[in-house]
Amino acid sequence: MSLKFYNTMERRLVDFQPLVEGQVSMYCCGPTVYNYAHIGNLRTYIFEDVLRRTFETLGYEVKHVMNVTDVGHLTGDGDEGEDKMLQGARERGRTVWEIARFFSDAFFEDATRLAIEKPSVVCPATEHIDDMIALIQKLESKGLTYQAGGNVYFDTSKFPEYGRLALLDRQETSVARTSYDSNKRNLRDFVLWFTRSKFDGQAMVWDSPWGRGYPGWHIECSAMSMKYLGESFDLHCGGIDHIPVHHTNEIAQSEGAIGKPWVKYWLHGEFLLLSKEKMSKSTGEFLTLQKLIEKGYDPLDYRWFCLGAHYRSPLTFSWEALEGARNSRRNLLDKVREWKRAGEPLPLSEAGKAYLAQWREALENDLAMPQALSVLWAVVKDTQLPPGEKLALALAMDQVLGLGLAQLSAPVEEAVPSEVQTLVQERLAARKAKDWAESDRLRQEIKNLGWLVEDTPQGPVVKRAV
Ligand code: AMP
Ligand code: ZN
């Protein structure tokens, strides 16, 4: 079966053909580092990690680039509202630079705890201002920009393809906006460079041909993706909320500048929902990975919870559902430990190979993770397959699952020393004689030697005291 993905641009499943045979160039919009990532954001990064690992497991060489938005993102995606970094700095009594560093570190710590592989290139926007200025100049030289009210805008009327990704109605005359920027010539025009900031104390500003100021949010992704992946590349990802504004504007800037197709495939992850509402940093109510950990969950319980749904299906978070994921993950880990105790991974028989083929087929079918997991559970339940083959399959699947199964240690069955065995037999005799005091004394003596004895209907069981 060939590798297929749902390309948002075409609204259908299409065969994946990379620009360069055997290689994948992918760009994922990264976090805006003015606050902790919420578990909704993290769902999107888990989806992108599964995508990357799938390519790797299928033998592709992946170049994965992710930006860090540390400047220019306003609370409204369409240039309205407040600067997110300034908001974060004010709320916490820190400088914007301190806020950016702190939340960027916090984000990567969360990612590590979720077994999300680090992108090949991580690029903070503030370190690429010159690249953004150069791109805006290119757009300017092509007549795609105008200046008004001290800002530089992208003129969407000069880019006939504008809105193709989001299937926007080009004739539309009204867009729901809380505050409309009267400098804009067309409703959907957007800022490339701000010089006259609408915020007091704008701390992140740079010199530019248009005056001292800072970039709009969208230009960073166009500039940095092309810098690291070349003018055209294979794949661009993000959450579905990026389709109508952010990705639409990225396409206008990039294709406006290069005059040819920019990204071949667009993949978007559906939202994590909280009680039927989308989770949002801006509205205040959101859950972090740390909160889950404080409630006693392992970060991988959350990863496993996310893996249970297809990336294109909305997923509703609840504590009960997370509890279910924890139980199911523990169950799987117990099985893997059992297989490890039985011995080493074995080469796959025909039946084992058939499972692996089904697993890959599910992944190749637009990352059909629920289908892929049903193959894993079929392996668990198989009564014919030897444990060594089950183990080999689980380890192969874990290249995508990321549960750390290779590091899982098999419980060692330690031989009970003869001295302890003798005491256990003596205790058994004491119990038969109903000499409870002697039985308790022997139990303590056994304990002093580092062993525990438990009475079961099948007789005494001896375990190492931990
Ligand atoms: P941000 O830090 O706001 O730029 O968002 C980072 C990523 O999280 C983007 O790819 C968003 O599309 C995505 N995202 C935001 N909210 C959610 C949510 N509730 N569920 C899943 N992904 C989300
Ligand atoms: Zn982006």
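## Ligand 1 and residue E231

Ligand 1 has 17 residues around it, and T32, G40, T44, D241 and L272 come nearest; a residue belongs to this group if one of its heavy atoms lies within 4 Å of the ligand. This is a predicted model, in which local features need pLDDT of at least 70, side-chain atom pairs count only at pLDDT 80 or more, and totals for chains, interfaces and linings use all residues. Residues are numbered from 1 along each chain as its sequence is written, ligands are numbered from 1 in the order in which they are written, and side-chain values use heavy atoms, leaving out hydrogens and water.

**Around ligand 1**

- An oxygen atom of ligand 1 lies 3.0 Å from a polar backbone atom of T32.
- A nitrogen atom of ligand 1 is 3.0 Å from a polar backbone atom of G40.
- For T44, an N or O atom in the side chain is 2.6 Å from a nitrogen atom of ligand 1.
- On its own, ligand 1 has 490 Å² of accessible area, and the protein covers 95% of that (Shrake-Rupley method, 1.4 Å probe).
- Two or more residues of the shell come from each of α1 (39-57) and β10, and α1 gives the most, with four.

**Around E231**

- You will find E231 in the loop between α5 (218-229) and β10 (233-239); helices are DSSP runs of H or I with at least four residues, and strands are E runs with at least two.
- E231 is partly exposed, at 34% relative accessible area (between buried, under 20%, and exposed, over 50%; 1.4 Å probe, protein chains only).
- Beyond neighbours within four places in sequence, E231 is in contact (heavy atoms within 4.5 Å) with K138, M226, I258, K260 and W262.

Notes:
A polar contact is a pair of N or O atoms within 3.5 Å; within protein, one must be able to donate a hydrogen and the other to accept it, and residues adjacent in sequence count only if both atoms are side-chain atoms.
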